[in-house]
Amino acid sequence: MRILVRSALLSAMVMLAACSGGSGGAGGGGTGSTPPPPPAQSMPNNSLADLRYSENFANDNAHGTITSNSTSTQSRALTVRYEASSHDYVLTSGNVSQRFGTSDIVQQDAAARYYNKVSDNTEDVLVLTKPGTSGPLTYQYVGGGLWRRITTSGDDYTGSGDAFAYGVQTPAVDVPRTGSASFDVSMIGTSGLTTYSGTG
């Protein structure tokens, strides 16, 4: 029987927009000098729906742990990386890292993909919302995820969970400059055997 993380882990996804900075004035360096082009590895993706380059995504996360006897939450840095050559997602929280590839997808629906990896007595589950331009939990520049790891030993278990929102910088041309705007908020979460969802 699969053990579910009992501590509440909520992933709130908000529409993120970042304006690009203006170009600076002329730099020094003498007549005819031009700044070098940015290195290829720093090339950003323009949309989660069209990932072309490897990237460590900016993210906001909540981390929780659980044992047979206790639960706790704490702040911990999370790295969410996409590797373009293999189409893998690599997540790192503290000293724990896991790679999820297309062969690890066990289910998907209109809103999310579900990854599962089992090694000995440890199970890793990753849920990532699908990018898109319409429909529930589908956004072009931001996504949500939940990474859960459970290790069992007899009747005892330890586990952790990271709920996170992540995304790419919105291209400047797609950021409105005039008028008014509204922002949709979607929330998914779990507490014990109960799941929660909501919009605003």
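Where is His 87 found? Hold that thought for a second, everyone, and have the model up in front of you. His 87 sits in the loop that runs between S4 and S5. Its phi is near 60°, which is a positive value in a residue other than glycine. His 87 has a relative accessible area of 44%, so it counts as partly exposed.

A quick word of caution before we go on: this is a predicted model. The average pLDDT for the protein is 77, and 76% of the residues score at least 70. Residues 1-41 have a pLDDT below 50, and in the model that stretch makes 77 contacts beyond near neighbours in sequence. Please keep that in mind when you look at the start of the chain.

There is another positive phi to show you. Asp 120, also a residue other than glycine, has a phi near 55°. You will find Asp 120 in the loop between strand S8 (112-119) and S9. Is Asp 120 buried or exposed? Its relative accessibility is 77%, and because the cut-off for exposed is over 50%, Asp 120 counts as exposed.

Now let's go inside. The largest nonpolar core is made of 18 residues, and Phe 57, Tyr 89, Leu 126, Phe 164 and Tyr 166 have the most contacts within it. Which elements give two or more residues to this core? They are strand S4 (78-83), strand S5 (88-93), strand S9 (122-129) and strand S11 (156-167). S4 gives the most, with three residues. So the loop holding His 87 joins S4 and S5, and both of those strands contribute to the core.

Let me zoom in on Tyr 166. Leaving out residues up to four places away in sequence, Tyr 166 touches a long list of partners, including Leu 48, Phe 57, Val 80, Tyr 89 and Leu 128. Tyr 141, Val 142, Gly 143 and Gly 144 are also among the residues that Tyr 166 touches.

Last stop, the cavity. Searching the whole structure turns up one cavity of 30 Å³ or more. The volume of the largest cavity is about 50 Å³. Which residues line the largest cavity? Leu 48, Leu 51, Phe 57, Tyr 89, Arg 113, Leu 128, Thr 129, Pro 131 and Tyr 166 do. By type, that lining splits into seven nonpolar residues, one polar and one charged. You will recognise some names here: Phe 57, Tyr 89 and Tyr 166 line the cavity, and they are also among the residues with the most contacts in the core.

That's my tour, thanks for listening!

Technical notes: Residues are numbered from 1 along each chain as its sequence is written. This is a predicted model: local features need pLDDT of at least 70, side-chain atom pairs count only at pLDDT 80 or more; totals for chains, interfaces and linings use all residues. Side-chain values use heavy atoms; hydrogens and water are left out. A nonpolar core is a set of buried Ala, Val, Leu, Ile, Met, Phe, Trp, Tyr and Cys residues joined through side-chain atoms within 4.5 Å. Buried means under 20% relative accessible area, exposed over 50%, partly exposed in between (1.4 Å probe, protein chains only). Helices (H or I, at least four residues) and strands (E, at least two) are DSSP runs, numbered from the N terminus. Contact means heavy atoms within 4.5 Å. On a 1 Å grid over the protein atoms alone, a cavity is a set of points where a 1.4 Å probe fits but cannot get out, and a pocket is an open set with protein on both sides within 12 Å along at least five of seven lines; lining residues have an atom within 4 Å of a point. Grid points are joined across faces, edges and corners, and a volume is the space filled by probe spheres set on the points. Ala, Val, Leu, Ile, Met, Phe, Trp, Tyr, Cys and Pro count as nonpolar, Asp, Glu, Lys and Arg as charged, and the others, Gly among them, as polar. pLDDT is the predictor's confidence in each residue, from 0 to 100.
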